[in-house]
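The following exercises concern helix packing, burial and backbone conformation. Each task is followed by a solution in steps.

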Amino acid sequence: MSALFEPLTLRSLTVPNRIWLAPMCMYSAAPEGPEAGVATDFHLAHLGARAAGGAGLVMTEATAVSPEGRISPWDLGLWNDRQQQELARIAALVKSHGAVPAIQLAHAGRKAATDRPWLGGKPLSIAAGGWQPVGASPVPFSAEHQVPDELTVEEIQGVVRAFAEAARRALAAGFEAVEVHGAHGYLIHSFLSPHSNHRTDAYGGDFAGRSRIALEVVEAVRAVWPAELPVLYRTSATDWLEGMPSWTVEDTVRLAKELHAAGVDLLDASSAGIDPDAKIETGPGFQVPFAARIRAESGLPTGAVGLITEPAQAEQIVASGQADVVSLGRELLRDAYWPQRAAAELGAEPRWPVQYGYTLRKRA
């Protein structure tokens, strides 16, 4: 039996295999008006195709918990009924194909209000449709970015409540797993890293202060999320910055233990995003060692991401115990049916939609 195609049970939820669609922004929602942040037919087709393609869990792109939490004006959101209504269509379609519908909840923080990446991705002025970003401290992401407003303690608590309210809406929409986005330099990560958090109050300073918002968000989401369903957390395992204050793998292991105690069921281990000049050593599976170390030292199940492209590679990661799942991004954009191909290569049974499967079996 292929390890990649063994079911994984988190709490009472069983995911049919270990191949998950990673959250990837599509920048395809309306930027303003009553349809702002609302999923479109593009999102329905995009996510539905990956479910039909055999992924065990299909996760939405980073879905903002508030308007100012969007990375760009074209991002998905989940702060009103209209957004919830259209996301419910997606959750139902994903589930109809035998996959688990999951949603990533996010706040972009100081990296908010940028243009679409194929148009350069630069920060947008308020006149061009942007807004004033907020962050842990008044430290911009780059020289091009606006200086963010430092969140007050009261505003931080508002962010925590926004995550909980979005989680309530996600549950009502039919999602079965929720992920808190704490990576890639966005709001929660900007609190965690001393590179961007220069506060001296209860949300800054030492590790306990800098990690406070991450734990408060997880606890707030866990409080409204059913005990039988999993809460996931995406982390940047390292800032990839040497010789300066930054977030490290050792910090991530420590946080993973605390997240586990707070009710997180799996850590999605990515990296970087806090500084545009970070020197990242890439290569096939370059982030897998982070997932392996976190899993071994914290006891928390992990997901591995980053340049995982071949079925045998993914199989080895799971079979060797380096991670519990592999999350694929670009590879599932290239080939929505990668899981079906992987099943055939690894001797497992592809999970074809019945409309395709009978014809393919007949020809085989």
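**Exercise 1. Helix 8 and its surroundings**

Immediately after helix 8, glycine 299 adopts a positive phi of about 80°. The model is a predicted one, in which local features need pLDDT of at least 70 and side-chain atom pairs count only at pLDDT 80 or more, while totals for chains, interfaces and linings use all residues. Residues are numbered from 1 along each chain as its sequence is written, and side-chain values use heavy atoms, with hydrogens and water left out.

Task: determine which residues of helix 8 are buried and what covers them.

Step 1. Helices (H or I, at least four residues) and strands (E, at least two) are DSSP runs, numbered from the N terminus. Helix 8 spans residues 288-298.

Step 2. Buried means under 20% relative accessible area, exposed over 50%, and partly exposed in between, with a 1.4 Å probe and protein chains only. The buried residues of helix 8 are Val288, Phe290, Ala291, Ile294 and Ser298.

Step 3. Seen down the axis of helix 8, these buried residues fall within an arc of 160° (the arc of the directions from the helix axis to the C-beta atoms), so they line one face of the helix.

Step 4. The cover over the buried residues of helix 8 includes helix 7 (249-262), strand 10 (266-270), strand 11 (302-304) and helix 9 (311-319).

**Exercise 2. Helix 9 and its partner helix 11**

Task: identify the buried side of helix 9, then describe how helix 9 crosses helix 11.

Step 1. Pro311, Ala314, Glu315, Ile317 and Val318 are the buried residues of helix 9. They cover an arc of only 160° around the axis, which puts them on the same side of helix 9.

Step 2. On the face turned away from this buried side, helix 9 carries the exposed residues Ala312 and Ala319.

Step 3. The buried residues of helix 9 pack against helix 8, strand 11, strand 12 (325-328) and helix 11, where contact means heavy atoms within 4.5 Å.

Step 4. Axes are lines fitted to C-alpha atoms, for helices over the stretch in contact, and angles run from 0 to 180 degrees between N-to-C directions. The axes of helix 9 and helix 11 (residues 338-346) come within 9 Å and cross at roughly 75°. Helix 9 is therefore roughly perpendicular to helix 11; angles of 65 to 115 degrees count as roughly perpendicular, those under 35 as roughly parallel, those over 145 as roughly antiparallel and the rest as oblique.

Step 5. Helix 9 contributes Pro311, Ala314 and Glu315 to the contact, and helix 11 contributes Trp338, Arg341, Ala342, Glu345 and Leu346. These contact residues divide into five nonpolar, no polar and three charged. In this division, Ala, Val, Leu, Ile, Met, Phe, Trp, Tyr, Cys and Pro count as nonpolar, Asp, Glu, Lys and Arg as charged, and the others, Gly among them, as polar.

Step 6. After helix 9 comes glycine 321, whose phi is positive, near 80°.

**Exercise 3. Helix 2 with two partners**

Task: describe the crossings of helix 2 with helix 1 and with helix 3.

Step 1. The axes of helix 1 (residues 41-52) and helix 2 (residues 81-96) come within 9 Å and cross at roughly 20°. The two helices are therefore roughly parallel to each other.

Step 2. The contact involves Asp41, His43, Leu44, Leu47, Gly48 and Ala51 of helix 1, together with Arg89, Ile90, Leu93 and Val94 of helix 2. Its residues comprise six nonpolar, two polar and two charged.

Step 3. The axes of helix 2 and helix 3 (residues 153-173) come within 8 Å and cross at roughly 45°, and helix 2 and helix 3 are therefore oblique to each other.

Step 4. Here the contact is formed by Asp81, Gln84, Leu87, Ala88 and Ala91 of helix 2 and by Arg169, Ala172 and Ala173 of helix 3. The residues of this contact divide into five nonpolar, one polar and two charged.

**Exercise 4. Positive phi outside glycine**

Task: locate tyrosine 27 and histidine 184, and state whether each is buried or exposed.

Step 1. Most residues other than glycine have a negative phi.

Step 2. Tyrosine 27 has a positive phi, near 50°, and lies in the loop between strand 3 (19-21) and helix 1. At 15% relative accessibility, tyrosine 27 counts as buried.

Step 3. Histidine 184 has a positive phi of about 60° and lies in the loop between strand 8 (177-182) and helix 4 (187-192). With a relative accessible area of 19%, histidine 184 is buried.
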